[in-house]
Amino acid sequence: MHTRDNPANGIKALLSDYLELTKPGLSLMSVVTALFGYFVTPGSHSLTAVFAVFVGTALAAGGAAALNQWLEREEDARMERTADRPTPSGRISALGAFAFGMLLSFAGVGLLFALAGFAPALVAAATIATYVALYTPLKKLHWISTYVGALPGALPPLIGATALNSSIGLGGWMLFSVLAAWQIPHFMAIAWLYKKDYIDGDFAMLSRYDDTGKTVAMHGLLFSIVLTAICLFPYFIGRAHWAYAVLSGLLGIWMIYGSVQFFRHPEDRNVVRRLFFSTLIFLPIYMIVFLLGIQA
């Protein structure tokens, strides 16, 4: 029996589709980095602010993801890896996706404003606006969208930092910078792995104009080097333990090595996949290293 033939199963499937609209994996990363920005900022922490940052960021991130899928529903329908998403597949209407995205976005910003203040609400609103109104349409026009998209992806730590203190500390700015640089090798790997999909969807990703993969890989390599320099910055200004410098330096070298391998062997999808998974592993490990090694 098809799940939707049973009312209870149908409701469960519909809820699952709406959850999928929020891109739970990406939204979770936003929540984790927002909370990180909150807890590494010096000040008087409170359960109310933690709740606001946790729930408000989750709602705002989910709303932005839903609006992104609403805008890209026609492009998603042409790409193999996204054709079965709720809106292009027809399981959720375009109006339903739009209304859901707007509801979550306003709820997230409103909750942050009510419980944490104007600054975190403003950062959350800026995150949604740059992701939906700037990055999403730009993907159809120019490959520079990958760099523009790094901004909303890096803003969540500042939601947490501003929820505690009007002056953003080292922790907030560091994770903002790390996330901005980290996204380039991460998304360049994705762009090359799914080059055909992006062409089918008529997205102007850099990989579309690169026949060999060398240009895409070079962008990833350059920003792996930038990422490593950013990670080492707190040590050179006397705000981190030597062990932090060693561990973060090793993480950076690991990213550089993966990017060099991508540059040398762009035709080998396993090499590119390894870089992609390395970026996923890098971030949580770096956050632990940061917590243990930075002097607030």
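In which helix is Val53 found? Look for helix α3, because that's where Val53 sits. Keep in mind as you follow along that this is a predicted model.

Let's stay with Val53 for a moment. Is Val53 buried or exposed? Its relative accessible area is 0%, and anything under 20% counts as buried, so Val53 is buried. What does Val53 touch, once you skip residues up to four places away in sequence? The list is Ala34, Leu35, Tyr38, Leu112, Gly160 and Ala163. There's also a nice example here of chain distance versus distance in space: Val53 and Gly108 are 55 residues apart along the chain, and their C-alpha atoms are separated by 9.1 Å.

Now slide along to Thr57, which also has its place in helix α3, a helix that covers residues 47-71. Thr57 has 2% relative accessibility, so Thr57 counts as buried too. Leaving out residues up to four places away in sequence, Thr57 touches Ser30, Val31, Ala34, Ala52, Leu112 and Ile159. Compare the two contact lists and you'll spot Ala34 and Leu112 in the one for Val53 and in the one for Thr57.

Ala34 belongs to α2, so let's see how α2 and α3 meet. Two packed helices are described by the angle between their axes and the distance between the axes. For α2 and α3, the angle is about 150 degrees and the axes lie 9 Å apart. Angles over 145 degrees count as roughly antiparallel, so that's the label for this pair. The crossing of α2 and α3 is right-handed. On the α2 side, the residues involved are Ser27, Ser30, Val31, Ala34, Leu35, Tyr38 and Phe39. They meet Ala49, Val50, Val53, Phe54, Thr57, Ala58, Ala61 and Gly62 in α3. Sorted by class, this contact has 11 nonpolar, four polar and no charged residues.

Time to zoom out. In soluble globular proteins, nonpolar side chains tend to be buried together. Here, the largest nonpolar core has 49 residues, and the members touching the most others are Met174, Val178, Leu227, Tyr244, Phe282, Tyr286 and Phe290. Among the elements giving two or more residues to this core are α2 and α3, along with α6, α8, α9, α11, α12 and α13. The top contributor is α9, with eight residues.

For a closer look, pick Leu227. Not counting residues up to four places away in sequence, Leu227 touches Val178, Ala181, Trp182, Met255 and Phe282. Apart from this largest core lies another one, of 18 residues, including Met79, Phe262, Val272 and Leu275.

Terms used:
Residues numbered from 1 in each chain as written. Predicted model: local features only at pLDDT ≥ 70, side-chain atom pairs only at ≥ 80, totals over all residues. Heavy atoms only, no water. Helix = DSSP H or I, 4+ residues; strand = E, 2+ residues; numbered from the N terminus. Buried < 20%, exposed > 50% of the residue type's maximum accessible area, 1.4 Å probe, protein only. Contact = heavy atoms within 4.5 Å. Core = buried A, V, L, I, M, F, W, Y, C linked by side-chain atoms within 4.5 Å. Axes fitted to C-alpha atoms, helices over the stretch in contact; angles between N-to-C directions. Parallel < 35°, antiparallel > 145°, perpendicular 65-115°, else oblique. Left-handed = near helix turned anticlockwise from the far one by under 90°. Nonpolar A, V, L, I, M, F, W, Y, C, P; charged D, E, K, R; others polar.
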